[in-house]
Amino acid sequence: MENQDINEESINQQEETNGQHEAAPQDNVTAKPSPEELLAEEKDRYIRLYAEFENYKKRTSKEKMEFFQYANQDMMVSMLGVLDDFERALKEIAKNGNPADLQGVELIYNKFKSKLMEKGLKPVEVNAGDSFNVDFHEAITQIPAPTEELKGKIVDVIETGYTLGDKVIRFAKVVTGN
């Protein structure tokens with residue numbers, strides 16, 4: 001009987017152990033996300049991806065616009081020399097030349113200048129007596145100020161400055177008073 005009691009105890013222990021083993025895997029199984037949770041995760045990923053794509057489109061569009069706006073900058077800078085030559089020629093013809101010649105050169109000059117302006121070129125407006133601004137002006141030299149009001153200000157403009165869009169492509173060359 002003793003053997004039988006030991007066997008019954010062993011069987012009972014085995015059954016308890018088997019029951020524990022069967023229950024244990026159910027406790028260790030990770031809970032699968034519900035369909036609602038999966039849908040929310042995918043929706044979040046979609047919204048983030050969509051936002052990232054929209055930002056990409058805006059950035060590339062902006063870069064493309066800047067490229068087209070400043071693509072002709074080198075050409076514009078090289079044309080500024082021609083524009084300066086026209087201005088010098090106009091001054092000389094006005095002094096010594098024929099009025100008909102002056103009128104013809106002025107027509108060509110104005111047409112050339114207007115075509116450059118259509119492409120975004122703008123002169124930097126500078127007058128004697130304006131405050132010196134390093135963002136738009138380049139000081140060539142300093143001279144003693146003719147009047148007290150011109151100290152630290154622009155006394156003379158040597159060369160006109162130009163902007164292309166919002167960007168300065170040539171600073172106005174000026175003489176300042178000290």
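Helix α3 buries Q73, M76, L80, L83, D84 and L90, and these residues make a good place to start a tour of this predicted model. From there we move to strand β6, where five of the six residues are buried, and then to how far the coordinates can be trusted.

**Helix α3**
- The buried residues of α3 pack against three kinds of neighbour in turn: the helices α2 (35-70) and α4 (99-118), the strand β1 (121-123), and the strands β3, β4 (162-164) and β5 (167-170).
- Helix α3 covers residues 73-96, and at 1.5 Å a residue its 24 residues should span 34 Å; the end C-alpha atoms lie 35 Å apart, which agrees.

**Strand β6 and its partners**
- Strand β6 (residues 172-177) is largely enclosed by the rest of the structure, because five of its six residues are buried.
- Strand β2 (residues 137-143) pairs with β6 in the parallel sense, over six bridges.
- Within that neighbourhood, Q142 has T176 of β6 as its bridge partner.
- Strand β3 (residues 154-159) runs antiparallel to β6, and four bridges join the two.
- Opposite V174 in β6 stands V157.

**Confidence**
- The mean pLDDT of the protein is 85, and 84% of the residues score at least 70.
- Confidence is highest in β6, at 94, and lowest in helix α1 (residues 2-28), at a mean of 52.
- Residues 19-24 have a pLDDT below 50, and this stretch has zero contacts in the model beyond near neighbours in sequence.
- Where pLDDT is low, please do not read the predicted coordinates in detail.

Technical notes:
Residues are numbered from 1 along each chain as its sequence is written. This is a predicted model: local features need pLDDT of at least 70, side-chain atom pairs count only at pLDDT 80 or more; totals for chains, interfaces and linings use all residues. Side-chain values use heavy atoms; hydrogens and water are left out. Buried means under 20% relative accessible area, exposed over 50%, partly exposed in between (1.4 Å probe, protein chains only). Two strands pair if DSSP finds at least two bridges between them. The expected span of a helix is 1.5 Å times one less than its number of residues. Contact means heavy atoms within 4.5 Å. pLDDT is the predictor's confidence in each residue, from 0 to 100.
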